[in-house]
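Visitor: I've got the model open and a few terms to pin down. Could you take me through them?

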Amino acid sequence: MRRASREPLIKSSQRNRASWERLIALALDSCSRGNDEVVQSFPRGLLVAAAALALAACAPVVPQSTDRLGVVIERATGSVQVVDQAKHASLARIEGLGDLSHAAIVYSPDGRHAFVFGRDGGLTKIDIVARRTLARTVQAGNSIGGAISKDGRLVAVANYDPGGVKIFDAASLELLSEIPSTYGSEGKRAKVVGIADAPGDRFVFSLFEADAIWVADVADPRRPRVRKFANVGSLPYDALITPDGRHYIAGLFGEDGLALLDMQDLDAGVRRILDGYGRGGEKLPVYKMPHLRGWAIAGDYAFLPAIGRHAVLVVDRRTWKQTAEIAVHGQPVFVMARPDGRQVWVNFAFPRNGVVQVIDVATLAPVESLEPGKTVLHMEFTARGDQIWISARDSHRVVVYDTASFRKLAELPAQSPSGIFFTWRARKIGL
C-alpha cells in the first residue's frame, strides 16, 4: 500500500522535471540557437538555477520606467532615436518610419508607446522600451500631426490630403471613423491643422482654407459628433490648447489676429483676439510658419510669435489683450515657456535660424543668446525645466543646456534632427 501511494508522486516529479528541462532548453535556445547540449551538461539539481541565469542573460537591459526617456526625430532618414535624458545618451535607433520631414509624436498615458505622425500620411506605433515598431499604416497622402485621447484609447490624425481627421484604435491602429473636412458649395476639403485633445472625450482642430474650427466629440468613436464654427478668421494655420484645457487658440495666417474658443462654453462661439497687432508696422516675407503647439504659457501671460515680424507678443490671459511686445533676433518659430514660467525660449526662421534667445519673464527682455548649431528646428525642456534639448538639423546634433547657467552639458550626434519629444508629455493636455 505504501509503495502504491508513492508512485503518483514519483510520476508527478518526473513530469515536472521534464517540463523544467524543456523550458530551460527553450530559454537557452532563444539566446543562442543550437545550444541544447548545454542542458545535458548541468546536474539536474542546478537546472532551475541555470534557467534563471539564461533568462536573465537574454533579457534586455531597460529602464524600470519611461520617465527619463524621449524620442528625437531624424527627418532625413525616416528614423527616430530613443534617448535617455538623465544620461544624455542615445539608446537605440528605430528605422523605416517614412517621410518625417514634419513629424510629430504623442505618447500613450504610460509613456511606453509613441505614435509617430509622418508627412507621408504614415501613422506608426513604436514601443520605446522594447525599441521596436509595433504597427504602421499609411492612412493618407499628406499628414501634419495628431493627438491622443485622455484615456489613451484613441488616436486622431490631422490630414492635408485628403483633408480631414481619422480616428484610430490606439491598441491596434484599426480605423474607427473619418471626419472629412468638407466645406463650401463645391465640396472641397480643407487642410486640417492645430489638432489637440480636449477635456470631455473631444478633439479640436482648425480647417485652413475653410476659416473654421471644429470640435469632435468622440465618446462613440465610430460615430463622432462634430460642432462647427465658421468665419473664425482668415487661414488658421496652427493652434494650441492651454495647459488646463480651457482655451483653444488658433493663429491666423491671413490677418493679424488670433481666434479663441472657450472649451467650457462653446455656445459663446469663437472670439477674435489681438486684432491688428501688427498694424502700421513693416511686415516681412514669412520664411517659416510659426508654431503654437509648444506652449508659451507663463503664469497669467501667453507669449506668442508674431507672424512675419521680429517680435514676441505678450498677452494677458485674464483679458486676452496684448500687454507688451518684445523685440527679438528674427521671426519666431517656437516660443516656449520653461515649466516654472520664469523663462521663455525662442528659435527663429531662416535666415536667422542658428540662434536661440532666452527671455526673462520678470523683465520681458532677452537675457541670453545661444548658438547651438546650424538650422535650429525644435526645443524640449526636461520635466522640471532644469535642462533644454535643442536640435540643430544641419549640424547633425542635439545640444543640451543647463537653463539656469546656460552652460552646454552635452552633444548627441543625430541625422538631421528635428522634433524632440519627452515622455512627460504623456501626462499633459494638448501635447
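Guide: Sure, let's begin with the lining of the largest pocket: by class it has 18 nonpolar, 10 polar and 7 charged residues. This is a predicted model, so local features need pLDDT of at least 70 and side-chain atom pairs pLDDT 80 or more, while totals for chains, interfaces and linings use all residues. Residues are numbered from 1 along each chain as its sequence is written, and side-chain values use heavy atoms, without hydrogens and water.

Visitor: What makes a residue nonpolar, charged or polar here?

Guide: Ala, Val, Leu, Ile, Met, Phe, Trp, Tyr, Cys and Pro count as nonpolar, Asp, Glu, Lys and Arg as charged, and the others, Gly among them, as polar.

Visitor: What makes something a pocket, and which residues lie nearest the centre of the largest pocket?

Guide: On a 1 Å grid over the protein atoms alone, a pocket is an open set of points with protein on both sides within 12 Å along at least five of seven lines, and a lining residue has an atom within 4 Å of a point. The largest pocket has 35 lining residues, with His 102, Ile 144, Asp 238, His 291 and Phe 334 nearest its centre. Its volume, the space filled by probe spheres set on the points, is about 720 Å³. Strands (DSSP runs of E, at least two residues) that each supply at least two lining residues include β14, β18 and β34.

Visitor: Why is Asp 238 called buried?

Guide: Buried means under 20% relative accessible area with a 1.4 Å probe, protein chains only. Asp 238 has 9%, so it is buried. Asp 238 is in strand β18, and it touches (heavy atoms within 4.5 Å) residues including Val 193, Ile 249 and His 291.

Visitor: How do you know which strands pair, and what is the order in the open sheet with β34?

Guide: Two strands pair if DSSP finds at least two bridges between them. The order is β3-β2-β1-β34, with antiparallel pairing. β3 (89–94) and β34 (417–422) each have a single partner strand, so they stand at the edges. Between β2 (79–84) and β3 there are 5 bridges, so they pair by that definition. Asp 84 has Ala 89 in β3 as its bridge partner.

Visitor: What makes β14 and β17 edge strands?

Guide: Their open sheet has 4 strands, in the order β14-β15-β16-β17, with antiparallel pairing. Both β14 and β17 (225–229) pair on one side only. β16 (212–217) is joined to β17 by 5 bridges, and Ile 213 stands opposite Phe 229.

Conventions: On a 1 Å grid over the protein atoms alone, a cavity is a set of points where a 1.4 Å probe fits but cannot get out, and a pocket is an open set with protein on both sides within 12 Å along at least five of seven lines; lining residues have an atom within 4 Å of a point. Buried means under 20% relative accessible area, exposed over 50%, partly exposed in between (1.4 Å probe, protein chains only). Lists of a residue's contacts leave out its neighbours within four places in sequence.
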